[in-house]
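Biologist: Got a minute to walk me through this one? I'd like to see how the pieces pack.

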Amino acid sequence: MQFLVIGMIAVVGAAYLARRFSQSGLKPAFGAVVGAVVGMIGSAALMIPLDWCTFDPDRTATDMGFGILLMAATAALALGATGWIAGNLAARRTVFSGGTQPGTFKGWLTPWILLAPTIGVLALFLYYPSLDTFRLSTLLALLGAPRTRFICVDNFTRLATDTVYLNSVATTILISIAIVVISLVLSLFIASMVYLPIKGASVYRTLLIWPYAISPAVAGVIFLLLFNPTGGIINYALNNLFGLRIPWLNDPAWAPWAVIIASVWKSLGYNILFYLAGLQNVPKDLIEAAAIDGANALQRFRQVVLPMLSPITFFLVITNMTYAFFETFGTIDYLTGGGPLNSTTTMMYNIFLVGIRNNDLGKAAAQSIVLFVLVIGFTVLQFRTAGQRVTYGA
Amino acid sequence: MASIAQESALERVKVNPAASLLPKRWYAHLTLWIACFLIGFPLFYSILVSTQTNSDVFAYRFEPGTAFANNWNTVMVFGNLGNFMLNSVIVSVAVTVGKVVLSLLAGLAFVYFRFPGKWLVFGFVLVTLMMPTEILIIALFRFVNQLGWGNTYLALIVPFIASATGAFLFRQHFANIPAELSEAAQLDGATPIQFLIRVLIPISWNTIGALTVIQFVYAWNMYLWPALIIQGQASQVVQVGLRTLMGADQGISFGPLMLAAVVASLPPLVVFLLLQKQFMSGFALSRDK
């Protein structure tokens, strides 16, 4: 079975690179050979460490399908990278340009000594744990238990039927989209007001951006006070003004919104700061030219300022998304503890619950990898869809 | 023709009949007042509550209470806040200083040296920008425990003292400094480290300030990692230590909890406000690492 898959991937790889090579002005036949080889190596890259276990006769169809998916994914990655490098080489551009500059010091050992601490710490505490995460994800590894057992891709395929996990994916999507949309719209609106030539703009600025220094955990504590069912000031105000009492922390439908509001409050300052910097980079003469052409304030904003802000918006969508995925952890831990009924258990919070509270390191490692792929995938997707509309520079 | 149109457009902008009564751009002032109020209220109210008892809180008294001394006592004795704050100061200062020093050295190596494999090292550091620590926290937890660093400051400091952001920030900054400076230093027989200390650092305070704010706030606000790796109170940081005041069964005493939360937020706020200018000039980079 696996040889059939490798063969198919080799054919697809050959066709793909032949096309890429001919587009770059290289010989298509050469591309086909390279494509077939890279396709084979790429598809086997993850399967050799796994010892082709997904194709064992006692494995389920889901496992086999997942194995084929893994092979296709690693092959696609290898082929894409090869095509990119070949295209760059063909265009006589070096892939990695080492900046050469006058005024450099002599000695080949000194730079290595200078870089050694950085390289050492990154290798030991970032690269090694990353690789170990992959290894852990194929193991039945329990915290405190001395022995581990290889269980192939079970940690991954079992996620498909894990309702708590699937629920955490939905919660993460809701919370992150809400935080990004609400926080960016509000901060752009506020930043465009501070940007106007008004008195006291720098005082306003300081009064608006300080929550940057507040931790997500303290934001959780503060909103625990504000949303508390007994004595919460927000419900007191809502009740007096509109006769409303909202079960912020006790109702699974409302609890995610408590987390969202606390996170938006905490992230507004950071976003205002960046939008303000972005606005200051919009050329004044462009806005004046639009005003002379008779565009009103709203038209000027939508048709001149907004397109100029798209690179910073793009950057902020990514950083706010990362914030919502990972740093909301502290807020959630104090505000709701992931409840009620798991309604605020995000993917990151679930990794903590599974890996540390329930001691299942292997399962938590598998969830970490899925989350990682999701973050990378989302970034790439953003790049592709926003690419056409993003304006870089003036 | 164009100039006439321009003049009339400017005329239209200038004449504003409502301007005499209200301050200029009153709508912006109104919006900003509301925004400042909404952003400031949660902290303001927390400060107010930190002087109150629970019965004050539940009665919605909008005035300073009389329980400040009592709350302070609870926070320091029962909440162990002094110990947590000290731990946070040690960890955050060590991480911040470590990151700034290591980044300066890396920047120096990247800009002022030519060596084989430079692009490889550069890529090695660059890729770490895409690896969030949270993703590998399970494996890191296992590894650091195997090193025997559980419950120590080492576990909170060492894994975080290298910074890709910082290395690139200084690389960028140094690359814009005229090459004549390093040529002159070499003629005077200065070593790279002397050049760094006597020439580069004195002209890099803005960049160092920006990196200091980002890394101090990042280190001070770390939550998930210390919550995992530190058991017990002795080496715990204040962000996690606040939980001591949550009171498991008899309900939360809000006065002490909010007092501790406010105190825990003071150091990053002070650093941020003091270095705000440097931060503004050098902040165009990602939020952590």
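**Packing within and between chains**

Modeller: Sure, and keep in mind that this is a predicted model. Let's start inside chain A: the cover over the buried residues of α4(A) includes α1 (2-23), α2 (28-44) and α3 (47-50) of chain A.

Biologist: Which residues of α4(A) are buried?

Modeller: The cut-off here is 20 or more other C-beta atoms within 10 Å of a residue's own. The residues of α4(A) that count as buried are A:Gly67, A:Ile68, A:Met71, A:Ala75, A:Ala78, A:Leu79, A:Thr82 and A:Gly83.

Biologist: How far apart are the end C-alpha atoms of helix α4 of chain A?

Modeller: Helix α4 (residues 61-90) of chain A has 30 residues, so at 1.5 Å a residue it should span 44 Å. The model agrees with that, as the end C-alpha atoms are 43 Å apart.

Biologist: Which helix gives the largest share of the side of chain B that touches chain A?

Modeller: Overall, 78 residues of chain B are in contact with 74 residues of chain A. On the chain B side, 13 residues, the largest share, come from one helix, namely α2 (residues 26-49) of chain B.

Biologist: And are α5(A) and α6(B) parallel, perpendicular or oblique to each other?

Modeller: Helix α5 (residues 109-136) of chain A packs on helix α6 (residues 118-127) of chain B with axes 11 Å apart and an angle of about 45 degrees. That angle is neither under 35 degrees nor in the 65 to 115 range. So α5(A) and α6(B) are oblique.

Biologist: Which residues of α6(B) make that contact?

Modeller: From α5(A) come A:Leu115, A:Thr118, A:Ile119 and A:Leu122. The α6(B) side supplies B:Val121, B:Phe124 and B:Val125.

Technical notes: Residues are numbered from 1 along each chain as its sequence is written. Chains are lettered from A and ligands numbered from 1 in the order in which they are written. This is a predicted model: local features need pLDDT of at least 70, side-chain atom pairs count only at pLDDT 80 or more; totals for chains, interfaces and linings use all residues. Two residues are in contact if their C-beta atoms, placed from the backbone, lie within 7 Å. Helices (H or I, at least four residues) and strands (E, at least two) are DSSP runs, numbered from the N terminus. Axes are lines fitted to C-alpha atoms, for helices over the stretch in contact, and angles run from 0 to 180 degrees between N-to-C directions. Angles under 35 degrees count as roughly parallel, over 145 as roughly antiparallel, 65 to 115 as roughly perpendicular and the rest as oblique. The expected span of a helix is 1.5 Å times one less than its number of residues. A residue is buried if 20 or more other C-beta atoms lie within 10 Å of its own, exposed if 12 or fewer, and partly exposed in between; C-beta atoms are placed from the backbone.
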